[in-house]
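This briefing concerns helix packing and salt bridges in one protein chain. The structure is shown below, and the notes that follow are grouped by topic.

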Amino acid sequence: MIDNYVTGAQIKMLRENKKMTQQELAQKINVTAKAVSKWETGNGFPDISLLESLAAALGISVIELLSGSCIRNQNKNANIAKSKFYVCPVCGNVITSTGEAVISCCGITLPPQTPEEPDDEHKINVEVTEDEYFVSLNHPMTKDHYISFIAAVADNGIQFEKLYPEGPAEARFKISRVKKIMVYCNKDGLFA
């Protein structure tokens, strides 16, 4: 239900931040001021057909409106070394951002993965061969439990290797400017 996502307090806060009256917001989305008042007091909720125009009038995306959080990215320099990884549990898509973002895939808002220190099962082995890192893990690669990807994060880009069940848990990356190696286990999450 929509009332689990769009709160009256959020609509009111966003409207006031834009220095709009209830009447001005109502006019922008072709509803009455009484409807906006009901939403803000929790006595009603906007119809789903209004979400796109409501989000636009409030200056946020529909995903931000539905997630209940406004993202204001303070990372103006897009520091790639601080990239965040998002993994869809439905389709396996991997999405990265260089700052704050609301990411959605398959109808789900995805949280950024928090990298952990590797444990014994996720120990990351790194060998230097000429101008490359050879990265490997002694990890099961079955259909149910496997390393989904290995990435080398540098200050100027991300080298990414998608892995598949029953294949080897290994990848090669150019050494230049790499700051960290990250691996994602489909059962246990992100390790760096």
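H2 and H4 are oblique to each other: their axes come within 9 Å and cross at roughly 130°. The model is a predicted one. A search of the whole structure also finds five salt bridges, and the pairs described here are treated after the helix contacts.

**Packing of H2 with H4**

- Helix H2 spans residues 22-29 and helix H4 spans residues 51-58.
- An angle of roughly 130° lies outside the range of 65 to 115 degrees for roughly perpendicular and is not over 145, the limit for roughly antiparallel, and the pair is therefore classed as oblique.
- The crossing of these two helices, H2 and H4, is right-handed.
- On the H2 side the contact is made by Leu25, Lys28 and Ile29, and on the H4 side by Ser53, Leu54, Ala57 and Leu58.
- By class, the residues in the contact of H2 with H4 comprise five nonpolar, one polar and one charged.

**Packing of H2 with H3**

- Helix H3 covers residues 33-41 and packs against H2 at an angle of about 110°, with the axes 8 Å apart.
- An angle of about 110° falls within the range of 65 to 115 degrees, and H2 and H3 are therefore roughly perpendicular to each other.
- The crossing of H2 and H3 is right-handed.
- H2 contributes Gln22, Gln23, Leu25, Ala26 and Ile29, which meet Ala33, Val36, Ser37, Trp39 and Glu40 of H3.
- The residues of the contact of H2 with H3 divide into six nonpolar, three polar and one charged.
- Leu25 and Ile29 of H2 take part in the contact with H4 and also in the contact with H3.

**Salt bridges between strand E9 and the E5 to E6 region**

- Aspartate 131 forms a salt bridge with lysine 174, and the closest N and O atoms are 3.0 Å apart.
- This pair links distant parts of the chain, 43 residues apart: aspartate 131 lies in the loop between strand E5 (125-129) and strand E6 (132-136), and lysine 174 lies in strand E9 (residues 170-174).
- Aspartate 131 has a relative accessible area of 41% and is partly exposed; lysine 174, at 43%, is partly exposed as well.
- Glutamate 132 forms a salt bridge with arginine 172, with 3.7 Å between the closest N and O atoms.
- The partners are 40 residues apart and link distant parts of the chain, with glutamate 132 in strand E6 and arginine 172 in strand E9.
- Glutamate 132 has a relative accessible area of 21%; because buried means under 20%, this residue counts as partly exposed.
- Arginine 172 is partly exposed, at 46% relative accessibility.

**Salt bridge between two loops**

- Arginine 177 forms a salt bridge with aspartate 155, the closest N and O atoms being 2.9 Å apart.
- Arginine 177 is in the loop between E9 and strand E10 (178-185), whereas aspartate 155 is in the loop between strand E7 (147-154) and strand E8 (158-162); the pair links distant parts of the chain, 22 residues apart.
- Arginine 177 has a relative accessible area of 47%; because exposed means over 50%, this residue counts as partly exposed.
- Aspartate 155 is also partly exposed, at 33% relative accessibility.

**A shared network**

- Arg15, Glu16 and Glu40 are joined into one network by salt bridges that share partners.
- Glu40 of this network is also one of the H3 residues that meet H2.

Notes: Residues numbered from 1 in each chain as written. Predicted model: local features only at pLDDT ≥ 70, side-chain atom pairs only at ≥ 80, totals over all residues. Heavy atoms only, no water. Axes fitted to C-alpha atoms, helices over the stretch in contact; angles between N-to-C directions. Helix = DSSP H or I, 4+ residues; strand = E, 2+ residues; numbered from the N terminus. Parallel < 35°, antiparallel > 145°, perpendicular 65-115°, else oblique. Left-handed = near helix turned anticlockwise from the far one by under 90°. Contact = heavy atoms within 4.5 Å. Nonpolar A, V, L, I, M, F, W, Y, C, P; charged D, E, K, R; others polar. Salt bridge = Lys/Arg side-chain N within 4 Å of Asp/Glu carboxyl O. Buried < 20%, exposed > 50% of the residue type's maximum accessible area, 1.4 Å probe, protein only.
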